[in-house]
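Trainee: I would like to look closely at a single part of this model and follow how the rest is arranged around it. Please begin at one residue and work outward.

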Amino acid sequence: MHQGTSISAAEAKKRLEDGNRRYISGQTAQHDLGEGRRLELSTNGQHPFAVIVGCSDSRVPPEVIFDQALGDIFVVRVAGNIMDEAALGSVEYGVEHLQTPLLVVLGHEQCGAVKATVDGGEAPGSIGAIVKKIQPSVDKAKASGASGNDLYQKAEDENILAVIAEIKQSPVVRELMHEGKLTVAAAKYHLRSGLVEFME
Ligand SMILES: [Zn+2]
């Protein structure tokens, strides 16, 4: 049975933009985090209206910067907002099983994972796996001639686009997009202003 949220991708995006505006203005909503809401979500299940792929960075928590509450958004967070098989499986679960109309890949300024890749040097343990994923985006940014702070910014942007391209390789995602049931959007969070800028 179709259990998804009934709102459109445009409405979902507007909810995120409205929430981000509230967050920036400091006028966040009074969210119901009480027992009643918990029981309701437990009984009726979750019906989030968007899947957000974001970075683990403590300064970029999607629920906070979009001013959303329990059950609103399905979040996949990995340093550098990159994909691996488990992350892609999480995305597919959100868009296919929970039937969210909108998927947002959310990068951000001053991303440590991107910076580490640009700067090079040691990447101990499994951090190397993250750097390896981001490297092609850094190469692209360098090839464009960017340098200094521009290079970090450009590499962050390229990384967001690369993650979107990778997600679109998923047959599950492609099918939903083809059926007009899913919109995929790119966005970037600005640390100082708090603004989430949708890139298209
Ligand atoms: Zn980051």
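Mentor: Two residues are said to be in contact when heavy atoms of the two lie within 4.5 Å. With that in mind, and remembering that the model is predicted, begin at Val 131. If residues up to four places away in sequence are set aside, Val 131 touches Thr 117 and Ala 123. Val 131 itself belongs to helix H6, which spans residues 127–143. Its relative accessible area is 17%, and because the limit for a buried residue is under 20%, Val 131 counts as buried. By contrast with these contacts, the C-alpha atom of Val 131 is separated by 18 Å from that of Val 76, a residue 55 places away along the chain.

The contact with Thr 117 leads to helix H5. Thr 117 is one of the buried residues of H5 (residues 112–119), together with Ala 113, Val 114 and Val 118. These four share the same side of H5, because the arc they cover around the axis is only 135°. Their cover includes H6 and helix H7 (148–167). Just after H5, Gly 120 adopts a positive phi of about 75°.

The metal site comes next. The protein donors of the zinc ion are the SG atoms of Cys 55 and Cys 111 and the NE2 atom of His 108, at 2.0 to 2.3 Å from the ion. Along the chain, the donors follow the spacing C-x52-H-x2-C. Cys 55 sits in the loop between strand S1 (50–54) and helix H3 (62–65), whereas His 108 is in strand S3 (residues 102–108), so this pair ties together parts that lie 53 residues apart in sequence. Both Cys 55 and His 108 are buried.

His 108 merits a further look. Its relative accessible area is 1%. Neighbours within four places in sequence aside, His 108 contacts Cys 55, Asp 57, Arg 59, Val 60, Asn 81, Glu 156, Lys 188, Tyr 189 and Leu 191.

Since His 108 is found in S3, the sheet is the natural continuation. An open sheet with mixed pairing is formed by 5 strands in the order S2-S1-S3-S4-S5. S2 and S5 occupy the edges with a single partner strand each, so one side of each has no neighbour in the sheet. On average, neighbouring strands are turned by 25° against each other, direction ignored.

The individual pairings may be taken from one edge to the other. S1 and S2 run parallel and are joined by 5 bridges; Ala 50 has Ile 73 in S2 as its bridge partner. Helix H4 packs on the sheet, where it touches S1, S2 and S3, and its direction makes about 170° with that of S2. H7, which also helps to cover H5, packs on the sheet as well; it touches S1, S3 and S4, and its direction makes about 160° with that of S4. S3 and S4 form a parallel pair over 7 bridges, with Leu 102 opposite Thr 183 in S4. Of the 7 residues of S4, 6 are buried. S4 pairs with strand S5 (residues 196–198) in the antiparallel sense, over 3 bridges, and Ala 187 has Phe 198 in S5 as its bridge partner. The hairpin of S4 and S5 has 6 residues between the strands, and in it Gly 194 takes a positive phi near 85°.

The nonpolar residues complete this view. In soluble globular proteins, nonpolar side chains tend to be buried together. The largest nonpolar core here has 21 residues, of which Val 53, Met 83, Leu 103 and Ile 167 touch the most other members. S1, strand S2 (73–77), helix H4 (85–97), S3, H7, helix H8 (171–178) and strand S4 (183–189) each supply at least two residues of this core. Leu 103 has contacts beyond four places in sequence with Val 51, Val 53, Val 91, Val 95, Ile 167, Leu 182, Thr 183, Val 184 and Ala 185. Another core, of 19 residues, lies apart from the largest one and includes Ala 50, Ile 52, Ile 73 and Leu 191. Leu 191 also returns us to the metal site, as one of the contacts of His 108.

Terms used: Residues are numbered from 1 along each chain as its sequence is written. This is a predicted model: local features need pLDDT of at least 70, side-chain atom pairs count only at pLDDT 80 or more; totals for chains, interfaces and linings use all residues. Side-chain values use heavy atoms; hydrogens and water are left out. Donors are N, O and S atoms within 2.8 Å of the metal (3.2 Å for Na, K and Ca); water is not among the atoms, so sites may look incomplete. Buried means under 20% relative accessible area, exposed over 50%, partly exposed in between (1.4 Å probe, protein chains only). The arc is that of the directions from the helix axis to the C-beta atoms. A nonpolar core is a set of buried Ala, Val, Leu, Ile, Met, Phe, Trp, Tyr and Cys residues joined through side-chain atoms within 4.5 Å. Two strands pair if DSSP finds at least two bridges between them. Axes are lines fitted to C-alpha atoms, for helices over the stretch in contact, and angles run from 0 to 180 degrees between N-to-C directions.
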